[in-house]
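Thanks for coming. I will talk for a few minutes about salt bridges, and the structure goes up on the screen now.

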Amino acid sequence: MTTTHPKAADTPPTLRLLSLGAGVQSTTVLLLACEGAIPPFDVALFADTGWEPRAVYANLERLTAHAEKHGIPVRHVSAGNIRTDALDPRHRFVSMPLHTRNPDGSKGLARRQCTNEYKITPLKKAARELLGYPHPRRVPRGVYAEQAIGISTDEFTRAKDSGLRFLRNVFPLIDLGFDRARCMEFLAERGFGETVKSACVGCPFHGNAGWRWVRDNDPDGWAEAVEFDRAIRHGYPHATTQGQELRGQYFLHRSCLPLDQVDLDAPPPPPSPGARNTYD
């Protein structure tokens, strides 16, 4: 399921980029390129939220060394540290999909823009700059970057066009018929079997299994998540200092209980409306 731009379909890309999350699928894509199974990338871009699991950063460091041996540089891009920004009263509102308990006892899900702000937008900005046309310069027709995204066949509904003329998304794993299980087999065969899922430490879309993993494998990250969960109970500091009326309470866990009080070994409650797995 490779998407194409009619105007650019007959023109080779100016650049081949990889959106590298350093999780299971995108690690597989990078290794495939290193082996020559798919075309090489000019640059692999890691959009850093500043709050990834320690294991993801460790994998990224190893991947960087491996990829550069095969002529593929890995570059970090960032819009800031999502945890620090959310807790900074001077920083503008950071919209994370927090679980909410309303005054009437009903539950909901806060508006979500964090993926766009901390992942998608920095990648688009970097693509423009690498093409040589940083905003607000207009990218000429026929000049575009091909951006590979690590979406496997079991997630094919997530495969979307970028919506931009200068950026064409492609999905090598779907083209090759790789599902997540095949990716994990592939990684294990090449000594990358310890690759973990990529998602912010404090992502509200974690299920109990995800939170257990953080608690049991990343104690510093768990402590940060517990502290963050307490800090946002009555809304983000910036909203509070701006005098915005906040109703209800906010939580990282879908049960709408304090994170360190949740029984993570219990069967999970039904997901909040709109929730989905955003792991890589």
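Which side chain meets that of Asp-88 in a salt bridge? The partner is Arg-90, with N to O at 3.1 Å. Please keep in mind that this is a predicted model. The two residues of this pair sit in unlike surroundings: Asp-88 has a relative accessible area of 18% and is buried, whereas Arg-90, at 74%, is exposed. The cut-off for buried is under 20%, so Asp-88 at 18% falls in that class.

Now the whole structure. How many salt bridges does a search of it find? The count is 15. One of them is between Glu-146 and Arg-16, where the closest N and O atoms are 3.4 Å apart. Arg-16 belongs to strand E1, residues 15-19, and Glu-146 to strand E6, residues 145-149, so this salt bridge ties together parts that lie 130 residues apart in sequence. Is Glu-146 buried or exposed? Its relative accessibility is 14%, so Glu-146 counts as buried. Arg-16 has a relative accessible area of 30%, which makes it partly exposed.

Next, a pair of neighbours in the numbering, Glu-189 and Arg-190. Their side chains form a salt bridge with an N to O distance of 3.1 Å. Here Glu-189 is exposed at 55% relative accessible area, and Arg-190 is partly exposed at 31%.

Last, a group rather than a pair. Which residues are joined into one network by salt bridges that share partners? They are Arg-54, Arg-83, Asp-218 and Glu-224. That is where I stop.

Conventions:
Residues numbered from 1 in each chain as written. Predicted model: local features only at pLDDT ≥ 70, side-chain atom pairs only at ≥ 80, totals over all residues. Heavy atoms only, no water. Salt bridge = Lys/Arg side-chain N within 4 Å of Asp/Glu carboxyl O. Helix = DSSP H or I, 4+ residues; strand = E, 2+ residues; numbered from the N terminus. Buried < 20%, exposed > 50% of the residue type's maximum accessible area, 1.4 Å probe, protein only.
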